[in-house]
Amino acid sequence: MKTKLCGAALLLLLLTACQPAKKENPSHAGKPALMWFDATANFERFSHRDSIDFYLEKIKSLGFTHAVVDIRPITGEVLYESAYAPRMEEWHGARRGDFDLLERFIEKGHQLGLEVHASLNVFSAGHNYFDRGQVYSSHPGWASMVYVPERGIISIMDVKEKYASMTNPIHPEYRAHILNVLKEVVARYPGLDGLMLDRVRYDGIGADFSDLSKQAFEEWLGEKTDRFPEDIFEWQKNSQGRYEVARGKHFLSWIEWRTRNITDFMRLAREEVKAVNPDISFGTYTGAWYPSYYEVGVNFASRDYDPSAEFDWATPAYKEHGYAELIDLYTTGNYYTDVTIEQYRTNNRSVWNETDSQAQSGIWYCVEGSCQNLRTILKDNPFIGGILVDQFYDNPARLSETIEMNLRESDGLMVFDIVHIIHKNLWKEVEEGMRRAGALPVAR
């Protein structure tokens, strides 16, 4: 028997049908979410199997899809038994575990359905705060020679305000060494899902001014420099008493040559590790601040993008050294405390990143603006937006916001580093950001 609807009920049904459906949280499920495990900051904690298991289960429960495990910190020591590099046996009094750390991450991670990628600091081989690492113990010649105000050209080992003792990226002996390490990792761990290369760059605008670099640059340029380093640039004080770069006649050529060196290395590294395991993901991390990243010799843009149309440090040939198309998994640091463009315009703060020689400003320097600009320079190449958790110790709610924004506006999320979450117990904020982005079910 059919049931008749009264007039009021029929009207309510019609009104309901005409209302737009309740908008659910926009789902960004399916986008990769990477958690980074720093080597030294977590050395004691992850020298225990049960800690590895516990935190992998924790990140899995929060919607993360990848664990990025740092196995070569800035000292150049490694966290596995290597034929090429010294193994890190202890850090600040903590002894390593009596098991293979990376193998345990792979085994447990795969049980949980997580991808496991190994991170390695590429062009670093010493820790200047502790006078520790390969450049201190056996290979001082690998250390970059840097041009600094008032002191001239000196070894980076003598610049104690810099914590990483970066190497010269074109040093032939060092390049052979680091390529052997990369290939060794890929061969030793066939279950590894990928490599994530970090610090594949020069130290900064003042590196590298060694005799080796001078000779190689002149050969590439096709002429001798009359004054070195002044033909490249000079440090000069501005009206506020700060040192700034005064460009010399070969400055632009020098910038192009350095980025060519980095891109050539990336191409070679990709070829060599893929020859060992064609299925390995070849990934990298860089800072997202492209307008000033030329200072470290890096062009992570697509070769279809021409930076010389927008930036005065790029020659017309600079675009030929873009390396976006070489990368399988590209992560970049949207390390900004302003998340939205509106927030940036309200605060109007300048940003001075680790690798910069001077402060920067503009909407690039917030997460939303960064993502918009990265879309332009990377063209169709995807990128993972990274966050630095300790920037939000004083504003935990903004941590949730930046997680949501990176998942919404980029092609995924990279969180650096799990130790910061643990120290300040920020799991609730991480969960909230993942949930608001739709990477976790909406709480009922």
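This section describes the setting of strand 1 and the salt bridges of the structure, which is a predicted model.

Strand 1 comprises residues 33-37, and five of its five residues are buried. The cover extends to both faces of the strand. On one side, Ala33, Met35 and Phe37 are buried, and on the other side Leu34 and Trp36 are buried as well. Strand 1 pairs with two strands, namely strand 16 and strand 2. The pairing with strand 16 (residues 413-416) is parallel and rests on three bridges; within it, leucine 34 lies opposite methionine 414. Strand 2 (residues 66-72) likewise runs parallel to strand 1, and four bridges join the two. Here methionine 35 has alanine 67 as its bridge partner. The connection from strand 1 to strand 2 passes through helix 2 (residues 49-61), and the resulting β-α-β crossover is right-handed.

In total, 27 salt bridges are present in the structure. One of them involves helix 2 of this crossover: glutamate 57 forms a salt bridge with lysine 108, with 3.0 Å between the closest N and O atoms. Because glutamate 57 belongs to helix 2 and lysine 108 to helix 3 (residues 101-111), the pair ties together parts that are 51 residues apart in sequence. The two partners are unlike in their exposure: lysine 108 is buried, at a relative accessible area of 10%, whereas glutamate 57 is partly exposed, at 36%.

A second salt bridge connects two loops. Glutamate 77 and arginine 132 form this contact, and their closest N and O atoms are 3.0 Å apart. Glutamate 77 is located in the loop between strand 2 and strand 3 (90-91), and arginine 132 in the loop between strand 6 (124-127) and helix 4 (134-137); the pair therefore ties together parts that are 55 residues apart in sequence. Both glutamate 77 and arginine 132 are buried.

A further salt bridge joins the side chains of aspartate 100 and arginine 188, with an N to O distance of 3.8 Å. Aspartate 100 lies in the loop between strand 4 (94-95) and helix 3, while arginine 188 lies in helix 5 (residues 172-188), so this pair ties together parts that are 88 residues apart in sequence. Aspartate 100 is partly exposed, with a relative accessible area of 23%, and arginine 188 is also partly exposed, at 37%.

Salt bridges also occur as a network, which links Asp53, Arg104 and Glu107.

How values were computed: Residues numbered from 1 in each chain as written. Predicted model: local features only at pLDDT ≥ 70, side-chain atom pairs only at ≥ 80, totals over all residues. Heavy atoms only, no water. Buried < 20%, exposed > 50% of the residue type's maximum accessible area, 1.4 Å probe, protein only. Pairing = 2+ DSSP bridges. Right-handed = clockwise from strand over helix to strand, strands pointing away. Salt bridge = Lys/Arg side-chain N within 4 Å of Asp/Glu carboxyl O.
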